[in-house]
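Here's a quick briefing to read alongside the sequence and the 3D view. Have both open, and we'll go through the main spots topic by topic.

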Amino acid sequence: MKTILTIDNLNKIYGKRVHAVKNLSFTIEKGNVYGILGPNGSGKSTTLGIVLNVVNKTSGNFEWFGGTIATHDALKKVGAIIERPNFYPYMTAEENLNLVCKIKEIPFSKTAEKLELVGLLDRKNDKFRTFSLGMKQRLAIASALLNDPEILILDEPTNGLDPQGIRQIRDLIKLIASQGTTILLASHLLDEVEKVCSHVVVLQKGVMLYQGSVDSISSNDGFFELKANNMKNLETEVKQLAAVEKIVLEDEKMLVYLKSELEASELNDYLFKKGIILQHLVKRKHSLEEQFLQLTNHQS
Ligand code: ADP
Ligand code: MG
């Protein structure tokens, strides 16, 4: 696996008191989609700013592409959108991107390729000022991709967008990732990270609480909600199962927590053979949200 970015014990103190990033370390490997997840003020934008050389670090290190090239040159292989998209309002989408090509010495042919990718090719002759916020954001993504960067960095990519715009940006990020571009995005939205990212770094007040795959934080063995005519018999039989960790009675339902894998169909089959007909059977997993709240509650 190829390492794109290594962050090692990074700290940022603004002025004398605001410790925005505390001893942060994580690594970005090629091909994954990383989310930095945390509430407002947790240090996400500061972290992105540091690795993009627009914010000075206080201490610690970061290294692009294994440290083989200087940061200035490495950043030519990084596409980033960390501010509101800003183009010339009276120029068309195509003209704006061609200008970026000219400045960065990229062939103009890339303009159509990237407009197509973000779904704006048919709007190429429209002026930037006529674009919706979602279209502006997609144009910014096209612009950041003109030079086929190794990694795309996005700060709160769906902020301010309507549900349709949010959906389009999320689908676009997944499409770009599926074509092999590594992605690092910052978001305060749990469902965004859960839907889009393969890996997550959870920050709170500048401190990293968790890093790992989104699957491993959101998938545990889960639990069942069960209901039957005779709850006592149900409990007796469920207790016999090796996969069961604990049983909690809640209102009319029984919550059965697992310590190892058990499929709903297996459980249903087992209970049926014991003469128990279930009126209700649902398998649930703790969502990333529940786990995120557990993580952050312990800290504050
Ligand atoms: P996030 O992007 O997660 O919302 P930020 O990195 O923007 O968090 O901010 C982290 C902390 O650093 C906050 O307390 C914020 O007020 C502070 N901060 C950010 N930028 C500056 C700055 N330029 N000067 C002083 N404090 C700042
Ligand atoms: Mg921010």
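Which residues surround ligand 1? Keep in mind that we're looking at a predicted model. The shell around ligand 1 consists of Y14, V18, A20, P39, N40, G41, S42, G43, K44, S45 and T46. After that come the helix α1, the strands around β6, a serine in β7, and a hairpin.

**Around ligand 1**

- Sorted by class, that shell has six polar residues, four nonpolar ones and one charged one.
- Two elements, β2 (18-29) and α1 (44-51), each put at least two residues into the shell. The largest share is the one from α1, with three residues.
- For K44, an N or O atom of the side chain sits 2.8 Å from an oxygen atom of ligand 1.
- S45 also gets a polar side-chain atom to 2.8 Å from a ligand 1 oxygen.
- With T46, the distance between a side-chain N or O atom and an oxygen of ligand 1 is 2.5 Å. As for coverage, ligand 1 on its own has 560 Å² of accessible area, and the protein covers 57% of that.

**Helix α1**

- How much of α1 is buried? Seven of its eight residues are, so the helix is largely enclosed by the rest of the structure.
- The buried set is K44, T46, T47, L48, G49, I50 and V51. Two of these, K44 and T46, also belong to the ligand 1 shell.
- Right after α1 comes N53, and its phi is positive, near 65°.

**Strand β6 and its neighbours**

- β6 (residues 151-155) has five of its five residues buried, so this strand is largely enclosed by the rest of the structure.
- Which way do the β6 residues point? I151, I153 and D155 go one way, while L152 and L154 go the other, and all of them are buried.
- On one pairing, β6 runs parallel to β5 (residues 78-81), with four bridges between them. Look for V78, whose bridge partner in β6 is I151.
- β6 also runs parallel to β7 (residues 182-187), this time over five bridges. Here L154 has L185 of β7 as its bridge partner. To get from β6 to β7, the chain passes through helix α6 (residues 163-178), making a right-handed β-α-β crossover.

**S187 in β7**

- S187 is part of strand β7. Is S187 buried or exposed? Its relative accessibility is 0%, so S187 counts as buried.
- The S187 side chain makes a contact with the backbone nitrogen of L189, at 2.9 Å.
- Side chain to side chain, S187 and E192 are joined by a polar contact of 3.1 Å.

**The β11-β12 hairpin**

- β11 (residues 244-250) and β12 (residues 253-258) run antiparallel and are joined by six bridges.
- Which residue of β12 stands opposite I247? That would be V256.
- The two strands form a hairpin with two residues between them. In the turn, D251 has a positive phi of about 50°.

Terms used:
Residues are numbered from 1 along each chain as its sequence is written. Chains are lettered from A and ligands numbered from 1 in the order in which they are written. This is a predicted model: local features need pLDDT of at least 70, side-chain atom pairs count only at pLDDT 80 or more; totals for chains, interfaces and linings use all residues. Side-chain values use heavy atoms; hydrogens and water are left out. A residue is near a molecule or strand if one of its heavy atoms lies within 4 Å of it. A polar contact is a pair of N or O atoms within 3.5 Å; within protein, one must be able to donate a hydrogen and the other to accept it, and residues adjacent in sequence count only if both atoms are side-chain atoms. Accessible areas come from the Shrake-Rupley method with a 1.4 Å probe; for residues, only the protein chains shown count as cover. Ala, Val, Leu, Ile, Met, Phe, Trp, Tyr, Cys and Pro count as nonpolar, Asp, Glu, Lys and Arg as charged, and the others, Gly among them, as polar. Buried means under 20% relative accessible area, exposed over 50%, partly exposed in between (1.4 Å probe, protein chains only). Two strands pair if DSSP finds at least two bridges between them. A crossover is right-handed if, with the strands pointing away from the viewer, the path from the first strand over the helix to the second runs clockwise.
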